[in-house]
Amino acid sequence: MTKARANLHILYLQIRHDPVTREEELQEFTRYSQLDESQFSILNVFDNPVFSARCVDTYDALFIGGSSDASVLKPDVYSFVEPAKQLLRRCADYNIPVFASCFGFQLGVEALGGKVIHDPNQMEMGIYPMHLTLEADQDVLFCDVPNPFLVVSGHQERAIELPPNTRLLAFTERCPYHVFKVIDKPFYGFQFHPEVDHDDLAARITRYQNRYLETDAALQSILGNLRPTPESNRLIQKFVDRILL
């Protein structure tokens, strides 16, 4: 039996500290999923760093956002990293759908047996063309996406090895691993930000300028090259429509 859209309930694992970005990211996922805010239950790991992997069992899917406040490579500093990895492993083991963006992608890589490194020299920050692999032609989310298409990407850590039993679907010139799917599982990881559009990026990169950019000129360069990212943003609704319904 097909589930009604209005009856979907999403567990949203949030890795944001400041209240403005917390609310902003929630509204981004709500807007591009075409779900109501009431359909998301927020588990913010800064408020609740210890949680059971079984907390996802009563939900239709797990969504994970990005973070400018933590690193998957520092579980000794961020105690929620290990519980989050266990949560993702449970989703993979029990076929619970996952839509993991940026920090969520990195969590998924590490949780399932891949490797992430800190590499600020290959940092992406802005709008980039995303290229699809041949395998993407057969994927339910990417089969009708133009190649290339534009995305918002911002990260200093990146995967250098994907987990076993995953399929690479997309990459950029600077970052060879941008989208993976667990084979025969409804589990997707996106290094870029499908939930963020060019207006969201302008607001966030201005807010976080001191964390990522050394000069005002660097900020103005990004702001001067903003372009819409509709194909990227539509991936969230496609996930709902094609995976969850």
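The legends below describe close-up views of a predicted model.

**View A. Strand β10 is covered on both of its faces.**
In a regular strand the side chains alternate between the two faces of the sheet. In strand β10, which spans residues 179–182, Val179 and Lys181 lie on one side and Phe180 and Val182 on the other, and all of these residues are buried.

**View B. Strand β10 pairs with β9 and with β11.**
Strand β9, made of residues 166–171, runs antiparallel to β10, and the two are joined over four bridges; here Ala170 of β9 stands opposite Val179 of β10. Strand β11, made of residues 187–190, also pairs with β10 in the antiparallel sense, over three bridges, and in this pairing Tyr188 of β11 is the bridge partner of Lys181. The hairpin of β10 and β11 has four residues between the strands, and in this hairpin Asp184 takes a positive phi near 60 degrees.

**View C. A cis peptide bond leads into Pro148.**
The peptide bond from Asn147 to Pro148 is cis, with an omega near 5 degrees, and Pro148 is found in the loop between β6 (124–132) and β7 (149–155).

**View D. Asn95 and Cys102 have positive phi values although neither is a glycine.**
Asn95, with phi near 60 degrees, is placed in the loop between α2 (81–93) and β4 (98–101), and it counts as partly exposed because its relative accessibility is 42%, which falls between the 20% and 50% cut-offs. Cys102, with a phi of about 55 degrees, is placed in the loop between β4 and α3 (103–111), and Cys102 counts as buried because its relative accessibility is 5%, which is under 20%.

Conventions. Residues numbered from 1 in each chain as written. Predicted model: local features only at pLDDT ≥ 70, side-chain atom pairs only at ≥ 80, totals over all residues. Heavy atoms only, no water. Buried < 20%, exposed > 50% of the residue type's maximum accessible area, 1.4 Å probe, protein only. Pairing = 2+ DSSP bridges.
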